[in-house]
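User: Please take a close look at one part of this model and its surroundings. I should like a connected account that I can follow residue by residue.

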Amino acid sequence: HGMRRQGMTGGELVTIVVLHVETKPTPLPEMQEFFKTCPGFDRFQLNERIGGLFIKFLTPEDAEFAMNEANQRGYGAEWARRNLDDSPAPAFGGGMMQGGMMNMGHGMGCMGGGMGCMGGMG
């Protein structure tokens with residue numbers, strides 16, 4: 001089907017993930033061997049913090065094919081949220097907006113606080 005999955009950082013999603021690999025009945029090396037034999041296989045990345053095996057493919061079709069094959073074997077593969085090569089996207093304008101709001105807050109506090117702002121000299 002023509003549905004294209006977009007990664008968080010833009011571009012087509014070509015990475016799938018098997019989460020909690022340590023809880024699966026299939027040992028990790030066996031999973032890795034399986035994915036290596038899938039068409040379009042590019043690379044692995046094991047994230048031990050979340051127990052996730054990320055598998056990157058050359059095209060979204062290859063990734064989807066491998067995911068379906070893996071799930072027939074009970075691996076519990078799913079689409080990753082972003083591709084392996086991508087670094088997390090910077091939050092555009094996040095810092096600026098916060099700064100602006102903080103400055104406004106100070107201004108308002110001053111106007112409302114009268115004495116506090118003038119140092120209580122009155």
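Analyst: Helices and strands are DSSP runs numbered from the N terminus, a helix (H or I) having at least four residues and a strand at least two. The model is predicted, and the part chosen here is helix 1, which spans residues 28-36.

The approach to this helix is the loop between strand 1 and helix 1, where His20 is found. Most residues other than glycine have a negative phi. His20, however, has a positive phi, near 55°. With a relative accessible area of 44%, His20 is partly exposed.

Within helix 1, the buried residues are Met31, Phe34 and Phe35. They lie on the same side of helix 1 because they cover an arc of only 95° around its axis. An α-helix has 3.6 residues a turn, so residues three or four places apart point the same way. The cover over these buried residues includes strand 1 (15-18), strand 2, strand 3 (52-57) and helix 2 (60-72).

Strand 2 (41-47) also takes part in the largest pocket, as it and strand 4 (77-79) are the elements that give two or more residues to the lining. That pocket holds about 350 Å³ of space. Of its 15 lining residues, Asn47, Ile50, Phe54, Arg81 and Arg82 lie nearest the centre. The lining comprises 8 nonpolar, 3 polar and 4 charged residues.

As to confidence, the chain has a mean pLDDT of 78, with 63% of its residues at 70 or more. Over residues 89-108 pLDDT stays under 50, and the model has 1 contact beyond four places in sequence for them. Where pLDDT is low, the predicted coordinates should not be read in detail.

Note on methods. Residues are numbered from 1 along each chain as its sequence is written. This is a predicted model: local features need pLDDT of at least 70, side-chain atom pairs count only at pLDDT 80 or more; totals for chains, interfaces and linings use all residues. Side-chain values use heavy atoms; hydrogens and water are left out. On a 1 Å grid over the protein atoms alone, a cavity is a set of points where a 1.4 Å probe fits but cannot get out, and a pocket is an open set with protein on both sides within 12 Å along at least five of seven lines; lining residues have an atom within 4 Å of a point. Grid points are joined across faces, edges and corners, and a volume is the space filled by probe spheres set on the points. Ala, Val, Leu, Ile, Met, Phe, Trp, Tyr, Cys and Pro count as nonpolar, Asp, Glu, Lys and Arg as charged, and the others, Gly among them, as polar. pLDDT is the predictor's confidence in each residue, from 0 to 100. Contact means heavy atoms within 4.5 Å. Buried means under 20% relative accessible area, exposed over 50%, partly exposed in between (1.4 Å probe, protein chains only). The arc is that of the directions from the helix axis to the C-beta atoms.
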